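Take a walk through this structure with the coordinates open. The route goes from one chain to its partner, and then into the domains and the core.

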Amino acid sequence: MTERVTVTGRRRGRPPARPRAVTTEIDDQTRLGEVYMRALLRAQLRLGLTVAGTVLGLLAAVPLVFAVAPGVSDVDVFGVPLPWVVLGGLVYPVLLTAAWLYVRAAERVERDFAAMVDRR
Amino acid sequence: MTAEVAAVAVTAVVTVLIGAFGVRASRTTSDFYVASRAVTPWWNASAIGGEYLSAASFLGVAGLVLAYGADMLWFPVGYTAGYLMLLVLVAAPLRRSGAYTLPDFAEARLESTVARRTASVLVVTIGWLYLLPQFQAAGLTLRTVTGAPAWVGPLVIAAVVLVSVLGGGMRSITFVQAFQYWLKLTALAVPVVFLLLTWHDDGRPEVAPPEQPVFEETTTVEVTTDVTIEVPERVTVDVDGTLAGEERDGPVVVPPGDVDVAAGTELVFPEGARLPHASRLTPLSGEAWALPLRSGDEHPLYSTYSLILALFFGTMGLPHVLVRFYTNPDGRAARRTTLAVLGLLSIFYVLPAVYGALGRLYTPELLLTGRTDAVVLVLPGRLVEGALGDALSALVTAGAFAAFLSTSSGLTVSVAGVLSQDLLRTRIRHPVTGFRVGAGLALVVPILLALSSPLLGIADVVGLAFAVAASSFCPLLLLGIWWRRLTWPGAVAGLVTGGGTSTVAVLATIVAGPQDGWPGALLSQPAAWTMPLAFAVMVIVSLSTPRHRAPGVDRLMVRLHTPENLELNRGDWDPEDRWRD
């Protein structure tokens, strides 16, 4: 009887046999894997909270300024009262810029994480 | 008038046709709920924009600005900033969770059916609360442009939504809504050009003069619903109809104070007379209107901050917004889509304030009839004469109709999804049939509510739905995504406390009307206390029930937070398993 031999290729996308890639550490939920995961979570959360906090803080200051210094509301910009200029127009570019910066930074965090974990 | 009817008809027909175009490709459950995740970011962003810009944005914001001025600009700002909060805190992880609906997310994260059921009840509550003003606005629009009875609008909307949703579920809805975003933007943007030109030719009159508003010329006002008006000074009015319960035909001297006017009455006011207003409105004039925090509310700063919180953090908890996120191919696409949505919303939300401000100048009689929400519909026809004016009126009417249709479709899909998965599944085995029955149920309840409850401010009611979402799903999502120690008893306790208190506050405001003093402020803008309360309850109860921590939470965190291109074990949870067991 001929001997049966199973022929297999290397598993797709896996690093060549090498002791414990970080992805395996994460899959096996070892201490080391958890350290990597927690670092990723912390980086993403810190980024999210920074952007959210900055924008919220900026916008939350607007009513406070109007309340504390009512004179500010009386300023006209080309005949339009300042509150209308700020709330009706200027706010939107600020929000967009914040969003754009966030998307760039979040993708960078993910790239760094992938580079660190997927080192072959 | 015929042009507007045609515009409504065309919007409805195109909606159904585009919906039918999507039908061919949608035969699986996944197609029904999330369009099989094969929607490109551009289509998706247009569709999200289309779905999000509801009657509140299209009609309500301008109406609020007309009546209450600068403080109301926070509504469009908040609607947009809500997307930024969604982007930076939940967008990518939520997409990566793989869930179709909020209850799916609750179940996957907390591994608990109790949490799932609680989330389901809240999705249906928020969905219905949001659908109610859409239907009322539809009634208002059709009555304003055609004079049809109030029940026609809700029924027409429901019929079109049902046809397009039943046809193809989420996939067809995606195309429909993308189309509707662009229709809505055009419908507001094109007339604005003509409105501003007219205002400019008019010598750019001051929008909010310090004096009380007066009729600039002899003005005929048609009252289409019963209204109590507050007359500021003795005035001689030509009346044709019922005034203070008496049939009149001819000049009547009306003393200052409240007077009832019946529907169908025509009032002719002389030039220079001071403008009466609906007594349920307290319109402002001069600085009180033009500048923030001068409205004479007892606690304007608290109300403003509470509104900001509700709008900023409510968006992420709206069921129809979330269901859209699941249609992105991966987490990175979800972020880029959200960025595009922010751009689309920013362009749109500059416009309603212009209508509100010019409406104050050119359609002040809306303050009298109390139908300030109609300003967007009325203004183009008032300022621009002839065929062009008719065309512009038809355009805004079509836009308004698109607003009701897209938001109602999105909400109906979400509510139907939850109803069919969690309520009907034991009775109806086939998922697509279940979804269709759910869609019917999702529409019937808010229609009955819309027909039986009094006409409320559109943007007000929508604001209340945001408050409920901010006090329930916002803490669930934020803690669920970023805090491993959240347990199901904690989540359920928080959802019940936050969702419950805010819903009660909302219902109290709707049923009993606005109250005075601090209780009034706390009830009419509950988010500032119900949202922190929900967070606190979730955290405290979770910390005291550590035994109920989900066993698979670490694996789920890998799924939520790691980029898809890494080959990792993300667990085998799949929302479609529910249909297979």
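Start with chain A. Among its contacts between residues at least 6 apart in sequence, 54% join residues at least 24 apart. This is a predicted model, and chain A averages a pLDDT of 82. In that chain, 84% of the residues score at least 70. Confidence in chain A is highest in helix H3 (residues 82-117), at a mean of 91. It is lowest in strand E1 (residues 76-77), at 76.

The layout of chain A is quickly told. It holds 3 helices and 2 strands. From the N terminus on, the order is α-α-β-β-α. Of the 120 residues in chain A, 27% are buried.

Now cross to the partner. Chain A and chain B meet through 42 residues from each chain. On the chain B side, four helices give two or more residues: H5 (74-89), H11 (300-314), H13 (331-349) and H23 (553-561). H5(B) gives the most, with 9 residues. What is the make-up of this side by class? It has 29 nonpolar, 8 polar and 5 charged residues.

Chain B itself is divided into two domains. Domain 1 covers 2-200 + 287-456 + 550-561, and domain 2 covers 219-282. Their C-alpha centres lie 36 Å apart. The two are nevertheless in contact: 8 residues of domain 1 of chain B touch 12 residues of domain 2 of chain B. On the domain 1 side, helix H15 (residues 365-369) of chain B supplies the largest share, 4 residues. By class, that side has 4 nonpolar, 2 polar and 2 charged residues.

Turn next to the strands of chain B. Strand E2 (residues 227-231) pairs with strand E5 (residues 257-261) in the antiparallel sense, over 5 bridges. Within that pairing, Thr228(B) has Asp260(B) as its bridge partner in E5(B). E2(B) also pairs with strand E7 (residues 277-278) of chain B, again antiparallel, over 2 bridges. Here Ile229(B) is bridged to Ala278(B) of E7(B).

Which residues of E2(B) form its covered face, and which the uncovered one? Val227(B), Ile229(B) and Val231(B) are on the covered face. Thr228(B) and Glu230(B) are on the uncovered face. In a regular strand the side chains alternate between the two faces of the sheet.

A second pairing follows along the chain. Strand E3 (residues 235-243) and strand E4 (residues 246-254) of chain B run antiparallel over 9 bridges. Asp238(B) stands opposite Pro251(B) of E4(B). The hairpin of E3(B) and E4(B) has 2 residues between the strands. In this hairpin, Ala244(B) takes a positive phi near 50 degrees.

Last comes the interior. In soluble globular proteins, nonpolar side chains tend to be buried together. The largest nonpolar core here has 217 residues. Those with the most contacts inside this core are Leu84(B), Met85(B), Val376(B), Ala465(B), Ala470(B) and Ala491(B). Helix H19 (residues 458-482) of chain B gives the core its largest share, 18 residues. Domain 1 and domain 2 of chain B each contribute at least three residues to the core.

Stop finally at Ala470(B). What does this residue touch, leaving aside its neighbours within four places in sequence? Ala470(B) is in contact with Leu309(B), Ala310(B), Phe313(B), Gly314(B), Gly317(B), Ala527(B) and Met531(B).

How values were computed: Residues are numbered from 1 along each chain as its sequence is written. Chains are lettered from A and ligands numbered from 1 in the order in which they are written. This is a predicted model: local features need pLDDT of at least 70, side-chain atom pairs count only at pLDDT 80 or more; totals for chains, interfaces and linings use all residues. A residue is buried if 20 or more other C-beta atoms lie within 10 Å of its own, exposed if 12 or fewer, and partly exposed in between; C-beta atoms are placed from the backbone. Two strands pair if DSSP finds at least two bridges between them. pLDDT is the predictor's confidence in each residue, from 0 to 100. Two residues are in contact if their C-beta atoms, placed from the backbone, lie within 7 Å. Ala, Val, Leu, Ile, Met, Phe, Trp, Tyr, Cys and Pro count as nonpolar, Asp, Glu, Lys and Arg as charged, and the others, Gly among them, as polar. Domain bounds come from an automatic or database domain assignment. A nonpolar core is a set of buried Ala, Val, Leu, Ile, Met, Phe, Trp, Tyr and Cys residues joined through C-beta atoms within 7 Å.
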